[in-house]
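Thanks for coming. I will go through one structure today and keep to what can be read from the atoms. Please have a look at it first.

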Amino acid sequence: EMMVHPGEGAIKSLMLYDITGRVVYELENQEAVKGVMQRVETGNLHPGIYMLKVVTTLEEKVIKVVKQ
């Protein structure tokens, strides 16, 4: 599993993509609360490279994730 911290904002949505661009995890947070971390279950994922798109109330970023 992986924990995602929103920084100064609140997490609105998370999307985890595999290397082919297929969405393997998606979360739409209806009740975004400032400063609350979000858990992403990765136990069912195969080892490899993934891209995590994090959308908060303040910004949007994409983070490279390596699952071993």
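I will start with the sheet, then go to two residues in loops.

One thing before that: this is a predicted model.

The sheet has four strands, in the order 3-2-5-6, and it is open, with antiparallel pairing. Which strands are at the edges? Strand 3 and strand 6, residues 60–67, are the edge strands, since each pairs on one side only. Ignoring direction, neighbouring strands in this sheet are turned against each other by 15° on average.

Now take strand 2, which covers residues 11–17. Its antiparallel pairing with strand 3, residues 23–28, runs over five bridges. One place to find this pairing on your screen is S13, whose bridge partner in strand 3 is E28. Strand 2 also runs antiparallel to strand 5, residues 48–56, and here six bridges join the two. On that side, look for Y17, which stands opposite M51 of strand 5.

Between strand 2 and strand 3 the chain makes a hairpin, with five residues between the strands. G21 in this hairpin has a positive phi, near 95°.

The loop between strand 2 and strand 3 also holds D18. Is D18 buried or exposed? Its relative accessible area is 13%, and the cut-off for buried is under 20%, so D18 counts as buried. What does D18 touch? Apart from residues within four places in sequence, D18 is in contact with V24, I49 and Y50. There is also a polar contact inside the loop region: the side chains of D18 and T20 are joined at 2.6 Å.

The second residue is H5.

H5 is in another loop, the one between strand 1, residues 2–4, and strand 2. Its relative accessible area is 47%; partly exposed lies between 20% and 50%, so H5 is partly exposed. A polar atom of the H5 side chain lies 2.9 Å from the backbone nitrogen of G7. Further along the sequence, H5 touches G35 and M37, if we do not count residues up to four places away. H5 and K61 are 56 residues apart along the chain, and their C-alpha atoms are separated by 12 Å.

To put the two side by side: D18 is buried, whereas H5 is partly exposed. D18 sits in the loop between strand 2 and strand 3, and H5 in the loop between strand 1 and strand 2.

That is what I had. Thank you.

Note on methods. Residues numbered from 1 in each chain as written. Predicted model: local features only at pLDDT ≥ 70, side-chain atom pairs only at ≥ 80, totals over all residues. Heavy atoms only, no water. Buried < 20%, exposed > 50% of the residue type's maximum accessible area, 1.4 Å probe, protein only. Contact = heavy atoms within 4.5 Å. Polar contact = N/O pair within 3.5 Å; in protein donor to acceptor, adjacent residues only side chain to side chain. Pairing = 2+ DSSP bridges. Axes fitted to C-alpha atoms, helices over the stretch in contact; angles between N-to-C directions.
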